[in-house]
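Me: I'm new to this one and I'd like a close look at a single part: the aromatic rings and what sits around them. Could you walk me through it?

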Amino acid sequence: MVELSDDVRALIEAPNLCHFVTLMKSGSPQVTPVWVDHDGTYVLVNTAEGRQKALNLRREPRVALSIVDHDNTQRYVQVRGSVVAIVGGEEAYQHINKLGKKYWGDPAREYPRRPGEERLIIKIRPDHVTYRPGTRRD
């Protein structure tokens, strides 16, 4: 496992979109833009039960993701790792609600509870991290 540096954590904490890659049954990559978070050690992604990501991860835990700084597109991080846990229930809903506030930029806005939808937190162990600081903009 690789420790997330302060620069990587800062990139994750900003409302930057993440491209999340899972592996299909055939071995081909499946990529989805997602909201991203971290808990200091693990990278966290949220999805819903029944989506292709969740189906793929239950069969094959290896993943990759990239996050590009929306203010400096030459600054980015790439992470390769494995899913170590999938957490559902109220904790997963509260997590997507937290992400919604971050990405929508509105701390009062609640993420909608959709009938029958079960949210999932995908907890990713970072095994390889590549960070590129980009160029300074003054």
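To start with, which residue lies over the face of Tyr93, and at what distance from the ring centre?

Reply: Happy to, and keep in mind that this is a predicted model. The residue over the face of Tyr93 is Arg113, at 3.6 Å from the ring centre. Trp104 has an arginine as well: Arg109 lies over its face, at 3.6 Å from the ring centre.

Now for the rings themselves. A pair of aromatic rings is described by the distance of the centres and the angle of the planes. Searching the whole structure turns up 4 aromatic pairs. Take Trp35 and Tyr103: their ring centres are 5.2 Å apart and their planes sit at 5°, so this pair is stacked. Trp35 is in the loop between S2 and strand S3 (36–38), while Tyr103 belongs to helix H3 (residues 89–104), so the pair ties together parts that are 68 residues apart in sequence. Tyr103 is buried, with a relative accessible area of 16%.

Trp35 also pairs with Trp104, and here the centres are 5.5 Å apart with the planes at 90°, so this pair is edge-to-face. Again distant parts of the chain get linked, since Trp35 is in the loop between S2 and S3 and Trp104 is in helix H3, 69 residues apart. Trp104 counts as partly exposed because its relative accessibility is 28%. Put Trp35, Tyr103 and Trp104 together with Tyr111 and you have one aromatic cluster.

Two members of that cluster, Trp35 and Tyr111, turn up again in the lining of the largest pocket. That pocket has a volume of about 160 Å³. Its lining also includes Leu17, Ile96 and Arg119. By class, the lining has 6 nonpolar, 3 polar and 3 charged residues. Strand S2 (29–34) and strand S4 (43–48) each supply at least two of the lining residues, and S2 has the largest share, with 3 residues.

Helix H3, where Tyr103 and Trp104 sit, has a part in something else too. The largest nonpolar core has 26 residues, and those with the most contacts inside it are Phe20, Val36, Leu65, Ile67, Ile122 and Ile124. Among the elements giving two or more residues to this core are helix H1 (6–13), helix H2 (52–59), strand S6 (72–87) and H3. H3 gives the most, with 4 residues.

Notes. Residues are numbered from 1 along each chain as its sequence is written. This is a predicted model: local features need pLDDT of at least 70, side-chain atom pairs count only at pLDDT 80 or more; totals for chains, interfaces and linings use all residues. Side-chain values use heavy atoms; hydrogens and water are left out. On a 1 Å grid over the protein atoms alone, a cavity is a set of points where a 1.4 Å probe fits but cannot get out, and a pocket is an open set with protein on both sides within 12 Å along at least five of seven lines; lining residues have an atom within 4 Å of a point. Grid points are joined across faces, edges and corners, and a volume is the space filled by probe spheres set on the points. Ala, Val, Leu, Ile, Met, Phe, Trp, Tyr, Cys and Pro count as nonpolar, Asp, Glu, Lys and Arg as charged, and the others, Gly among them, as polar. Rings of Phe, Tyr and Trp (its six-membered ring) pair if their centres lie within 6.5 Å; planes under 30 degrees apart count as stacked, over 60 as edge-to-face and the rest as tilted. Buried means under 20% relative accessible area, exposed over 50%, partly exposed in between (1.4 Å probe, protein chains only). A charge sits over a ring if NZ of Lys or CZ of Arg is within 6 Å of the ring centre and within 35 degrees of the ring normal. A nonpolar core is a set of buried Ala, Val, Leu, Ile, Met, Phe, Trp, Tyr and Cys residues joined through side-chain atoms within 4.5 Å.
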